[in-house]
Amino acid sequence: MSESIRSSFERFYHSVHGDKHSMTRSHLGYQDEVVDRAFFFWLAGREGARA
């Protein structure tokens with residue numbers, strides 16, 4: 001997963017939710033499970049738009 005994809009998500013998520021959730025990452029994903037689920041939902045939509 002490229003850093004630019006994660007950065008795009010983080011900018012988008014922050015623009016919608018502000019500082020409501022922690023954007024801290026671990027080696028497995030985001031530490032906040034809400035942010036982690038949102039990232040994979042966003043990523044699936046992004047991939048689906050390309051198909």
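**Exercise 1. The salt bridge of glutamate 10**

Task: In this predicted model, determine which residue forms a salt bridge with glutamate 10, and where the two partners lie.

Solution.
- Step 1. Identify the partner. Glutamate 10 forms a salt bridge with arginine 25, and their closest N and O atoms are 2.9 Å apart.
- Step 2. Apply the criterion. A salt bridge requires a side-chain nitrogen of Lys or Arg within 4 Å of a carboxyl oxygen of Asp or Glu, so the pair qualifies.
- Step 3. Place the partners. Glutamate 10 belongs to helix H1 and arginine 25 to strand S1, so the bridge ties together parts that are 15 residues apart in sequence.

**Exercise 2. From a pair to a network**

Task: Establish which residues are linked with arginine 25 in a network of salt bridges, and state whether arginine 25 is buried, partly exposed or exposed.

Solution.
- Step 1. Look for a further partner of arginine 25. The side chain of glutamate 3 also meets arginine 25 in a salt bridge, at 3.0 Å from N to O.
- Step 2. Locate this pair in the chain. Glutamate 3 lies in helix H1 and arginine 25 in strand S1 (residues 25-26), 22 residues apart, and the pair links distant parts of the chain.
- Step 3. Combine the two pairs. Glu3, Glu10 and Arg25 are linked in a network of salt bridges.
- Step 4. Assess accessibility. Arginine 25 has a relative accessibility of 31% and therefore counts as partly exposed. Glutamate 3, at 46%, is likewise partly exposed.

**Exercise 3. A salt bridge in helix H2**

Task: A search of the whole structure finds three salt bridges. Describe the one that arginine 37 forms, and explain its spacing along the helix.

Solution.
- Step 1. Name the pair. Arginine 37 bridges to glutamate 33, with the closest N and O atoms 3.6 Å apart.
- Step 2. Relate sequence to helix geometry. The two residues are four residues apart in helix H2, and are therefore separated by about one helical turn.
- Step 3. Evaluate exposure. Arginine 37 has a relative accessible area of 54% and is exposed; glutamate 33 is exposed too, at 56%.

**Exercise 4. The packing of H1 and H2**

Task: Characterise how helix H1 packs with helix H2 in terms of angle and axis distance, handedness and the character of the contact residues.

Solution.
- Step 1. Obtain the geometry. H1 (residues 3-17) and H2 (residues 33-50) pack at an angle of about 115°, and their axes are 11 Å apart.
- Step 2. Classify the angle. H1 is therefore roughly perpendicular to H2.
- Step 3. Assign the handedness. The crossing in which H1 passes H2 is right-handed.
- Step 4. List the contact residues. H1 contributes Ile5, Arg6, Ser8, Phe9, Phe12 and Tyr13, while H2 contributes Val34, Val35, Ala38, Phe39, Trp42, Leu43 and Arg46.
- Step 5. Sort them by character. Ten are nonpolar, one is polar and two are charged.

**Exercise 5. Two residues of the contact**

Task: Find which residues tryptophan 42 contacts, leaving aside its neighbours within four places in sequence, and determine whether serine 8 is buried, partly exposed or exposed.

Solution.
- Step 1. Place tryptophan 42. This residue is in helix H2.
- Step 2. List its contacts. With the neighbours within four places in sequence left aside, tryptophan 42 touches Ile5, Ser8, Phe9 and Phe12.
- Step 3. Turn to serine 8. Serine 8 is found in helix H1, and its relative accessibility of 27% makes it partly exposed.
- Step 4. Compare sequence with space. Serine 8 and leucine 43 are 35 residues apart in sequence, with a C-alpha to C-alpha separation of 10 Å.

Definitions and conventions
Residues are numbered from 1 along each chain as its sequence is written. This is a predicted model: local features need pLDDT of at least 70, side-chain atom pairs count only at pLDDT 80 or more; totals for chains, interfaces and linings use all residues. Side-chain values use heavy atoms; hydrogens and water are left out. Axes are lines fitted to C-alpha atoms, for helices over the stretch in contact, and angles run from 0 to 180 degrees between N-to-C directions. Angles under 35 degrees count as roughly parallel, over 145 as roughly antiparallel, 65 to 115 as roughly perpendicular and the rest as oblique. A crossing is left-handed if the near helix is turned anticlockwise from the far one by less than a right angle, and right-handed if clockwise. Contact means heavy atoms within 4.5 Å. Ala, Val, Leu, Ile, Met, Phe, Trp, Tyr, Cys and Pro count as nonpolar, Asp, Glu, Lys and Arg as charged, and the others, Gly among them, as polar. Buried means under 20% relative accessible area, exposed over 50%, partly exposed in between (1.4 Å probe, protein chains only).
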